[in-house]
Amino acid sequence: MKLFGMAEDLVRQGLAVTDTFYGAMSELYDTTITETDDIPFYLSLARQHCGTGGRILDIGCGTGRILLQLLRNGYQADGLDISAQMLSLTKAKLQAANLETALYQGDMRTLDSLGLTVKYHLVIIPYASMIYMLEDSDRLAVFRGVYNLLEHGGILAFDFDAGQNEIGISKPWISLQAIDKDQGRSILRIAQMHGISPNLRCIAQITWLNTENQGKIVVSCEEESSISAPHMQELLAQAGFSVTKMAGDYHGQPYSGGELCLITARADH
Ligand SMILES: C[S@@+](CC[C@H](N)C(=O)[O-])C[C@H]1O[C@@H](n2cnc3c(N)ncnc32)[C@H](O)[C@@H]1O
């Protein structure tokens, strides 16, 4: 974890502990990330491509934000994530909802090594999880693995950051403020960005957790990437995919150069 700025100062002075964002912080992710904007988009893809018996794989499924919606709507969907902590929360949520499915712990760059025998009609990588693929070699490894897991003509859909960031260390900003009354705590999260190049940045998340007047500061620092839409399209072609749609929002507006890009691509087996 490459620390910088405020996060580095806090740790150096013994005022904060470090963790990965999807490690011990996973429970906070689950209670605070409650976006629903993209759910209709993935449900509509499922409707189009997974009629009777169609299977879906949700890569980077996290705590099951999309996966549970797919299952609740009657689709056969499996989840994969690298984080054991995120997956254990998904598992608990599945049990609570009386739902069952396969959850795989693994790296999306090494899908072949999971030894999966099932084939999927639709593979999704929601909520910009591709930002953690920093190099073209990582992205190609994901696409080639997905290609091998898809049925003939199967579909891959994902959103990603197609923008560019400023270079240098930004001022910290409040990225989250939440009162979690059930758990008797409040959460304040400050973020700070270190733009390393226009397409590579480090994001430090400094989370102040306050429970019954006891404060604790947890710091995490993750590297994230962006990539232009034409470049992503080229990589997909190299892995055997044809892009069938490039949208700029979850309602299907054609992509016209913004930060958010949603790609739907077909495996040309
Ligand atoms: C932004 S979260 C998205 C979670 C979930 N898809 C959602 O929509 O809420 C990114 C997820 O990708 C997972 N992830 C990051 N790198 C990964 C990798 N190399 N292989 C598999 N999962 C990864 C993280 O553990 C995390 O759960």
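Student: Hi! Which residues line the largest cavity?

Tutor: Nine names to look up: M130, I131, R139, F160, D161, S225, S226, I227 and M232 line the largest cavity. Keep in mind that you're looking at a predicted model.

Student: How do people find empty space in a model?

Tutor: The trick is to roll a probe the size of a water molecule over the atoms, which shows where empty space is left. In this structure there is 1 cavity of 30 Å³ or more. The volume of the largest cavity is about 30 Å³.

Student: And what classes of residue make up the lining of the largest cavity?

Tutor: Sorted by class, that lining has 5 nonpolar, 2 polar and 2 charged residues.

Student: Okay, on to the ligand. Which residues come nearest to the ligand?

Tutor: There are 19 residues around the ligand, and Y29, G60, R65, D81 and M108 are the ones that come nearest. By class, this shell is made of 10 nonpolar, 5 polar and 4 charged residues.

Student: How should I read polar contacts with the ligand?

Tutor: Look for pairs of N or O atoms within 3.5 Å. Start with R65: one of its polar side-chain atoms is 2.9 Å from an oxygen atom of the ligand. Then check D107, where an N or O atom in the side chain lies 3.0 Å from a nitrogen atom of the ligand. With I82, look at the backbone instead, since a polar backbone atom there is 3.2 Å from a nitrogen atom of the ligand. As for cover, the ligand has 600 Å² of accessible area on its own, and the protein covers 95% of that.

Student: What does the side chain of R65 join up with in the protein?

Tutor: With D38! The side chains of D38 and R65 are joined by a polar contact of 2.7 Å. You'll find D38 in the loop between α2 (26-32) and α3 (39-49).

Student: Is D38 buried or exposed?

Tutor: The general idea is that buried means under 20% relative accessible area. D38 counts as buried because its relative accessibility is 2%.

Student: Can we try another one? Where is L43, and is L43 buried or exposed?

Tutor: Go to helix α3, where L43 is found. The relative accessible area of L43 is 14%, so L43 is buried.

Student: How far apart in space are the C-alpha atoms of L43 and L87?

Tutor: Along the chain, L43 and L87 are 44 residues apart, and their C-alpha atoms are separated by 21 Å.

Methods:
Residues numbered from 1 in each chain as written. Predicted model: local features only at pLDDT ≥ 70, side-chain atom pairs only at ≥ 80, totals over all residues. Heavy atoms only, no water. Near = heavy atom within 4 Å. Polar contact = N/O pair within 3.5 Å; in protein donor to acceptor, adjacent residues only side chain to side chain. Areas by Shrake-Rupley, 256 points an atom, 1.4 Å probe, with all protein chains shown as cover. Nonpolar A, V, L, I, M, F, W, Y, C, P; charged D, E, K, R; others polar. 1 Å grid on protein atoms, 1.4 Å probe; cavity = no way out; pocket = protein on both sides within 12 Å on 5 of 7 lines; lining within 4 Å. Points joined across faces, edges and corners; volume = space filled by probe spheres on them. Helix = DSSP H or I, 4+ residues; strand = E, 2+ residues; numbered from the N terminus. Buried < 20%, exposed > 50% of the residue type's maximum accessible area, 1.4 Å probe, protein only.
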